[in-house]
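Here are some notes from going through this one, meant to be read with the structure open next to you. Skip around as you like.

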Amino acid sequence: MKKWVLLLILFVSVVMHAYAFELIRPTEKKSIVNTNYAFFYGKAKGYESISINDERVYIAPNGAFAHSVKLKDGENRIMVRSTYGMQIYNIYKNTIKNQEIPTEDFSPRKAYVKCDNTPLRSTPVDAGLNRMSHLYQGTSLLINGSKGSFYRVFLSKNKQGWIAKDAVVVVNSDSEGMGEFLGMNSERFKNAIIQTISFTKRLPYTIEDTDKEILFRVYNPELSEDSVYNINIPKPDKYIYSVKMDEGEYTFKVKKLTENINECTIVVDAGHGGAEKGAIGCLGDEEKDINLNIAIQLAQMLKAEGFNVIMTRDYDSNLSLNDRVQIAKDNEADIFVSIHLNSIPDIPMDIHKNRGTSVYYFNKNSKDLAESLVKNVTKTLGTRDDGVRTASFAVIRPTNYIGVLVETAYMTNPLDSVIYGSKDFAQKAAKGICKGILEYFNSEG
Ligand SMILES: [Zn+2]
């Protein structure tokens, strides 16, 4: 008799398992988080209905669903109930105390930058759009304060910056003399202006993209608090710019984007790849595959238009962010388009509002292309216009190309999952991106 009961229980649980919903997230039944919301999404099976903490969850025609729950401090018990069963999630919300770290002042000390491409920031925070420049290895700095994991860098009497403590070596005595100005030179080409300025050692610099000009400034604070060398280069309507350092000599270049389609190199970057799957959709599909499908079709379309096209990857391979940037630099890319699908928003307050196409850029010179892309992609895909935004993503930070990152749709949004799951999604997305690039390229400034 007991045997039969056991078998019956086994049978019922197998049936329940076969028909119950699948959650992509959360992956654990018990977790500790710092966020204000818990995000649930996945796939419902058959005709089941789902509720989370007694709130009915919308299920898209393909079974995709998503829901967020506001968390209270400490223990949260969340019940996910379906027609076929129930699961309990225990999520513990940590309360983070926002303690203000004090700034410490000290008398000026010398420090050297350890590696190339070290960000000099306007605030002591490792995030956001606060980068003033990227310093070269061996750049000589004066530091006169600290806050948290940052040193304050003295540049001139009215300019300061911040640099990560572990990015510099602080020295107490220094045999190297003061940096002396050696000379400067300006060259004007048909499509570019190049300025060089040299010193006896590597000094810090900043870049600012203003309305009409790119301002390069080199600081020599050891000499005096007024020692600032300003180089203002006027900028055309569509422009890219770069900095190079060779010994103590900076080369600043502002270049007009080519108007000749055959001279324009576009790098098409399929986001993620290999072990890095990217976002996982409600139905369990992986972002890297969809990105690649779009990228392959986009590359073909752009080539047909006459552009010179380079793909960062054309199969399912692992590629670091640095690799992607290096490919663009090695090929002297004019435009860099990174292709992605979006995932969970930072604050999933109303996850059903987080859907559609958005385009990210970091530098001002890329804003117009971002706008053209969001306009054209939403048109071909029929997605919601989720706008143009700035974000500090490594692949779009360089200034020596126009860099954008397209989030074609949200993988975690049930309604978007119906759109990106359709057969011609990749082709339509590619078409919208291609149109957007052409419209930008052919526009009159
Ligand atoms: Zn992505």
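1. Let's begin with Asn-90 and its surroundings. Bear in mind throughout that this is a predicted model. Leaving aside residues up to four places away in sequence, Asn-90 touches Lys-29, Lys-30, Glu-75 and Arg-77. The residue itself is part of strand β8, which covers residues 85-93.

2. Is Asn-90 buried, exposed or something in between? The residue has 13 C-beta neighbours inside 10 Å, so Asn-90 comes out as partly exposed; the exposed class stops at 12 or fewer. If you want a long-range reference point, try Asn-342: 252 residues separate Asn-90 from Asn-342 in sequence, and their C-alpha atoms are 27 Å apart in space.

3. Zooming out for a moment, the protein has 445 residues, and 39% of them count as buried. The secondary structure consists of six helices and 28 strands. Along the principal axes, the C-alpha atoms fill a box of roughly 95 × 55 × 35 Å. As for the contacts with a separation of 6 or more, 67% are between residues 24 or more positions apart.

4. On domains: the domain assignment splits the protein into domain 1 (2-93), domain 2 (100-256) and domain 3 (261-442). Taken over C-alpha atoms, the centres of domain 1 and domain 3 are 32 Å apart. Their contact draws on 16 residues from domain 1 and 16 residues from domain 3. On the domain 1 side, strands β3 (37-43) and β6 (64-70) supply at least two residues each. What is that side made of, by class? The side of domain 1 that touches domain 3 has 10 nonpolar, five polar and one charged residues.

5. Helix α3 (residues 321-330) deserves a look down its axis. Arg-324, Val-325 and Ala-328 are its buried residues. Why do they line one face of the helix? Viewed along the axis of α3, the buried residues fall within an arc of 95 degrees, so one face is where they sit. On the other side of α3 you'll find Asn-322, Gln-326 and Asp-330, which are exposed.

6. Still with α3, what covers its buried residues? The cover includes β23 (265-270) and β25 (335-342). Just past the helix, have a look at the backbone too: α3 is followed by Glu-332, which has a positive phi, near 50 degrees.

7. Next, an open sheet of four strands, with the order β16-β17-β22-β21 and antiparallel pairing. Its edge strands, β16 (181-188) and β21 (239-246), each pair on one side only. Neighbouring strands in this sheet are turned against each other by 10 degrees on average, ignoring direction. Inside it, β17 (residues 192-199) and β22 (residues 249-256) run antiparallel and are joined by seven bridges. To get the register, use Ile-194, which stands opposite Lys-253 in β22.

8. Last, a hairpin. Two residues are what it takes to join β13 to β14. Strand β13 (residues 150-156) pairs with strand β14 (residues 159-164) in the antiparallel sense, over six bridges. A handy pair to click on here is Phe-154 and Gln-160: Phe-154 stands opposite Gln-160 in β14. As a general reminder, strands of a sheet pair through backbone hydrogen bonds, whether parallel or antiparallel.

How values were computed. Residues are numbered from 1 along each chain as its sequence is written. This is a predicted model: local features need pLDDT of at least 70, side-chain atom pairs count only at pLDDT 80 or more; totals for chains, interfaces and linings use all residues. A residue is buried if 20 or more other C-beta atoms lie within 10 Å of its own, exposed if 12 or fewer, and partly exposed in between; C-beta atoms are placed from the backbone. Two residues are in contact if their C-beta atoms, placed from the backbone, lie within 7 Å. The arc is that of the directions from the helix axis to the C-beta atoms. Domain bounds come from an automatic or database domain assignment. Ala, Val, Leu, Ile, Met, Phe, Trp, Tyr, Cys and Pro count as nonpolar, Asp, Glu, Lys and Arg as charged, and the others, Gly among them, as polar. Two strands pair if DSSP finds at least two bridges between them. Axes are lines fitted to C-alpha atoms, for helices over the stretch in contact, and angles run from 0 to 180 degrees between N-to-C directions.
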